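Good morning. I will take a few minutes on one structure and the ligand it holds. Please look at the screen.

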Amino acid sequence: MMGELDVIVVGAGFAGLYALHKLRGLGLAVHAFEAADDVGGVWHWNRYPGARCDVESLQYSYSFDDALQQEWVWSERYAQQNEILAYLHHVADRFELRPLISFGERVTSTHFDAAADRWHVTTDRGDVAIARFCIMASGSLSASRLPDIPGIETFSGTILHTATWPHDGVDFAGKSVAVIGTGSSGVQAIPQIARSAEKLVVLQRTPNFVVPARNQPLAAEKQAAWKAAYADYRAQARQVGTLYDFSQTSAHAVSAEAREAEYRRRWELGGVNFVHAFNDIMTDRAANQTAADFVHARIRELVDDPETAEKLCPRGYPLGAKRICVGSDYYETFNRPNVTLIDLQATPVVAIEAQAIRTTEAVFAVDVIVCATGYDALTGALTQIDIRGRSGVALSDKWADGPRNYLGLMTADFPNMFIVTGPGSPSVLVNMIVGIEQHIDWIADCIQHLAYTGATRIEPEISAEDVWVEQVNDAAAATLFVQANSWYLGANIPGKPRVFLPFVGGIGRYRAICDEVAASGYAGFRIVNGD
Ligand code: N01
């Protein structure tokens, strides 16, 4: 058992690493537990072919240290997984964070001792650490899930999940492969697997809107120009998350020709910027349909077989209401002779057998099944740990009908436990690094405030929590996000309560709310003074 700490951090991905750096800088005794054998979080685990970030490299990086952002050189517009992981290794080494991390230790429980105001954190190795504060930097999309298909355990070939990819890679040459799932991970992996596998069957339950990435080497001049203006760009990003070309115009305010030209311009430039072509795409269904129609037309242009093209056209939910996907050669891949698309809505999977996948219409013999089936998002990494607060109630019980917290940062009955980019915060709806830095900075200020005032405990008032949960729900209800069966709503997990998880009001507004709360002496929180 290690000596008593000020802060325990769970996880050593982007959030955990910055938390360690920031809090150690304040003179606090801080330590992290990380289940993996190295730093990186999702970027350590997600090594599937094609894995890269669809936020541009110059923006998907820390802003807290100017020398770091000036010196690190990105090679591509969108960094590949191994480059992001190399960056995080560099950060861990540069700021000497490794000695603060226990690797290969998964936190299994965190219990609050109300008599001593301390968290007791236990790992799967049986280690116990005690600290005044606990920071859950366990990730928003880290609890992966295999599909609940009958017979999956009987498959005698190789079953892989994109989120736990073998570190020495997978050779698909000469193999018959099935990919289940066509979200961001599937969309990135499918074109790569198609190039090396003998046969590829793509099992699609819901088609997604896929805009082209137009990835390219990052020109030295562009990188230099960004670095020269980083202070300004980062300041803007703190208000909007990722810098896009945000339109101030309604899709209805321009002619059909002008609309088409704008969509085409953005389509050619590539990336998520497409969704911001008009300012009502995420709030007005008719406006949204104009963008959806444009993408449908591109799918029909890119895919040779008209039947396959129709299967790939997303319908019945608004564009962007499920996370938009950014792909490279995604639709073109379905023109390859070795690739077959199966529409699971028309012919659902019945079972996985020893060497095959059976749908209601056919049997596909496969050697490898790649599950790109996603995550128990935002809450999964938290509820799979036995977290018990002041009264002994488990967090998973408190959140049985959906997550309840204040500002997404803390939950009543769980004093001194902070959640980074979890439910009730902008989280996955904005650039994760911007969200992480905002949360860690706020948490660090809060811990300092408690130290200055001699307080030992902070937790939200139930009333503040109730109001915040309502505010999160109201913000989502005013958008089209709630009109799709997405993981944002927990719809991908059987039995998970259907609650829109992230705060949709934007990082600028959210930051202002969090700052106001802090400036007011932590209104909505109950602070207890003295040991
Ligand atoms: O997971 P997903 P993901 N039978 O949940 C299907 C981030 N990310 O790993 O839509 C058959 O989006 C499921 O179908 P349906 C990003 O935020 C970012 O792809 O539920 N199919 C869906 O098609 C992203 O949004 C990057 O009907 C089943 C797919 O599996 C988030 O992570 C890259 C099934 C799951 O898609 C999650 O993305 C990768 C079943 N039983 C990830 N169960 C970039 O930066 C599920 N599906 C680019």
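I start with one contact: a polar atom of the Asn208 side chain lies 2.7 Å from the backbone oxygen of Thr182. Keep in mind that this is a predicted model.

Where does Asn208 lie? Asn208 is in the loop that runs between strand E9, residues 199-204, and strand E10, residues 210-212. Is Asn208 buried or exposed? Its relative accessibility is 9%, and the cut-off for buried is under 20%, so Asn208 counts as buried. Leaving out residues up to four places away in sequence, Asn208 touches Thr182, Gly183, Leu312, Pro314, Tyr317, Lys322, Arg323, Cys325 and Tyr331.

Thr182 takes us to the ligand. A polar backbone atom of Thr182 is 3.0 Å from an oxygen atom of the ligand. Two side chains also place polar atoms by ligand oxygen atoms: Arg205 at 2.9 Å, and Trp487 at 3.2 Å. On its own, the ligand has 910 Å² of accessible area, and the protein covers 89% of that.

Now the shell as a whole. How many residues surround the ligand? There are 25, and the closest are Ser185, Gln188, Arg205, Thr206 and Lys322. Lys322 is also one of the residues that Asn208 touches. Sorted by class, the shell has 9 nonpolar, 9 polar and 7 charged residues. Which helix gives the most to this shell? That is helix H5, residues 184-196, with 3 residues.

To go back to the start: Thr182 has its backbone oxygen by the Asn208 side chain, and a polar backbone atom of Thr182 is 3.0 Å from a ligand oxygen. That is all I have.

Terms used
Residues numbered from 1 in each chain as written. Predicted model: local features only at pLDDT ≥ 70, side-chain atom pairs only at ≥ 80, totals over all residues. Heavy atoms only, no water. Near = heavy atom within 4 Å. Polar contact = N/O pair within 3.5 Å; in protein donor to acceptor, adjacent residues only side chain to side chain. Areas by Shrake-Rupley, 256 points an atom, 1.4 Å probe, with all protein chains shown as cover. Helix = DSSP H or I, 4+ residues; strand = E, 2+ residues; numbered from the N terminus. Nonpolar A, V, L, I, M, F, W, Y, C, P; charged D, E, K, R; others polar. Buried < 20%, exposed > 50% of the residue type's maximum accessible area, 1.4 Å probe, protein only. Contact = heavy atoms within 4.5 Å.
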